[in-house]
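Q: Please take a close look at one part of this model, the packing of two helices in one chain. Set it beside the contact between the chains and one further helix.

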Amino acid sequence: MVETTPPPAATRARMSRFTSAWQSDFAWKFRRSPVAIVSFLVLMTLVLGAVFAPLVAPYDPFDPGSLNLMNGFTPPMEPNMFSGEVFWLGTDDQGRDVFSTILFGMRISLFVGFAAVLFAMLLGVTLGLLAGYLGGWTETIIMRAADVQLTFPAILVAMLIFGIAKGITPVEYRDQMAIWVLIIAIGLSDWVQFARVVRGATLVEKNKEYVQAARLIGRSKGAIMLRHILPNVMSPVLVIATISLALAIIAEATLSFLGVGAPPTQPSLGTLIRIGQGFLFSGEWWILFFPAVTLLMLALSVNLLGDWLRDALNPRLK
Amino acid sequence: MIAFILRRVFQSVLVLLIVGLVAFAMFSFVGDPVENMLGQERTQADVDRLREQMGLDQPIVVQYWTFLGNAFQGNFGLSYRQGREVSQIIAERLPATLELAFVSGVFAMLFGIGFGVFTAIRRNGIGSNVIMTLSLVGVSLPTFLIGILLIWVFSVELDMLPSFGRGDTVDLGWWTTGFLTQSGLKALILPSITLGLYQMTLIMRLVRSEMLEVLRQDYIRFARARGLREKSVNFRHALKNTLVPVITVTGLQLGSIIAFAIITETVFQWPGVGLLFINAIQFVDIPVMAAYLMLISVMFVGINLIVDLLYFAIDPRLRVDGTKGH
């Protein structure tokens, strides 16, 4: 922290930037939409809870020292019959606090979701720009690959990539690598949407006058793509990214639930649901119920925000 | 027209060749089959001999060709895990998946079209609003949560329907069916709803929007003016003209039903090919994975091709565009 006291001019500039953001079209639409506000608040609560899980969680579910088998199967909001401790959302079979495991599980779910979408976005936007701007063989190969991949549902592609990666990695690294493999698998299964939209937008943009001007003054192809076209094709990319985030979170949960995702040593929400399903018949519903509700809130709030964003950024609806 | 068909067939073959390449690459690069088959005390001579026997000393293009030939005959070798012919294992499991996919497809069609017509005719009624809202929730719920929810309500709480397996099946020699016993039919209910729900909402929304479009058109108004009964207008005139896109979408969804059967089969421990595939991934059973991949791509590509050709046959406008455009 070198600049401790910013000059008043900068403060004013920042203030006015904040107020201008607050008064912008976008913010106005946001304040007018109760659905958007509620989903944003829900999502923020969940994200903050996940990010600060070590501070928020009452117990550390991965510290074997804090586990007590006597606390196992404590129902929510009821004192444990041995220790008298009360757990908000109950405990699982090993006496782990369900609330804490959900917070830590959400961390993994959100991390995988964000990282996978980021990866898919980088890959898809790059390939889409290249295909749209360069055309020719580059375009044919990239878009044909996209077509072939689109023939198959994304979840199937992700499963297959996960399976192959599992075969390649040595046995002793499999659990450690699982999270990263999951990110790559979900990311690779999802780049097509980005590439298609960016290519379409690039095809429109590249014949506009500002691009011709940039070409005339001799800017390189890379510079034109990155500095001129990219900023102008980003708003549909943002919408797809939000919707992809919901899909990626569900995909991660599905894969983990099927047992081909996050390992039990690093349980995500899907893994927790998988574990909880085993206790459904013996009556310990809370081990399954709370992770499932959390996943649902997460997916639903991202989905609704994505829907709202799509309408808000659509120039035709202005 | 022939040019169009030929181009589509050529594209489909290309896709299959690419998928075959992926499957072949899995065999070649994920683990060394020679290492897997020979024990600790092998000599270099053993390794060379086995390589020659298996054709692994041939150029990679020749190997790929041999692989395609074998795959075409359904020969994928032995499962690493079960030590049996992969084609045999899949043939045993396939009826379970196909029956499940069939029932859920029928469920999705019947209820999707029914609800779609209902919500289009009674546009602002309470019933259609409830259905539309529920369908939104249904789309947001991941498939496996729907399955668990159904198990919780109908198996755990109400104890009405079985939560896993196929029930009793009847062996017809080359096909085992659950259609002929009561427990088999009961076991089909929950998995079919789980699998078909997403497709049902999709078809419902499609039918609804198409119906709303069609109901505005002049010939409907004219049919009403002629004094035809409401039922006849809605079903004979309106619904009939919405069915072309519905057939296409349903056809294309057939592929995803088979793919999403993986999830449903895991939730309900349904002994089909999807469950086989998940287990194969967990145990890195490459031959099973490759065979499943090839099987499902043949289905997908085949369905896409048939739907394209059907569409072409149903909608005469496409024929004109097809020859003009290219």
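A: The model is predicted. The crossing of α7(B) and α10(B) is right-handed. The residues that make this contact are T143(B), F144(B), G147(B) and I148(B) on α7(B), with F260(B), I263(B), T264(B) and V267(B) on the α10(B) side. Sorted by class, the residues where α7(B) meets α10(B) are five nonpolar, three polar and no charged.

The geometry of the pair is as follows. The two axes, of α7(B) and α10(B), come within 9 Å and cross at roughly 30°. Because angles under 35 degrees count as roughly parallel, α7(B) is roughly parallel to α10(B).

Both helices also take part in the contact between the chains. That contact draws 28 residues from chain B and 29 residues from chain A. On the side of chain B that touches chain A, at least two residues each come from α1 (2-29), α7 (143-157), α10 (230-267), α11 (273-282) and α12 (286-314) of chain B. The residues of this side of chain B comprise 22 nonpolar, six polar and no charged.

In chain A, the further helix is α13, residues 269-277. Seven of its nine residues are buried, so α13 of chain A is largely enclosed by the rest of the structure. Those buried residues are L269(A), G270(A), T271(A), L272(A), I273(A), R274(A) and G276(A). They pack against three helices of chain A: α5 (98-134), α12 (234-258) and α14 (286-313).

Key: Residues are numbered from 1 along each chain as its sequence is written. Chains are lettered from A and ligands numbered from 1 in the order in which they are written. This is a predicted model: local features need pLDDT of at least 70, side-chain atom pairs count only at pLDDT 80 or more; totals for chains, interfaces and linings use all residues. Two residues are in contact if their C-beta atoms, placed from the backbone, lie within 7 Å. Helices (H or I, at least four residues) and strands (E, at least two) are DSSP runs, numbered from the N terminus. Ala, Val, Leu, Ile, Met, Phe, Trp, Tyr, Cys and Pro count as nonpolar, Asp, Glu, Lys and Arg as charged, and the others, Gly among them, as polar. Axes are lines fitted to C-alpha atoms, for helices over the stretch in contact, and angles run from 0 to 180 degrees between N-to-C directions. Angles under 35 degrees count as roughly parallel, over 145 as roughly antiparallel, 65 to 115 as roughly perpendicular and the rest as oblique. A crossing is left-handed if the near helix is turned anticlockwise from the far one by less than a right angle, and right-handed if clockwise. A residue is buried if 20 or more other C-beta atoms lie within 10 Å of its own, exposed if 12 or fewer, and partly exposed in between; C-beta atoms are placed from the backbone.
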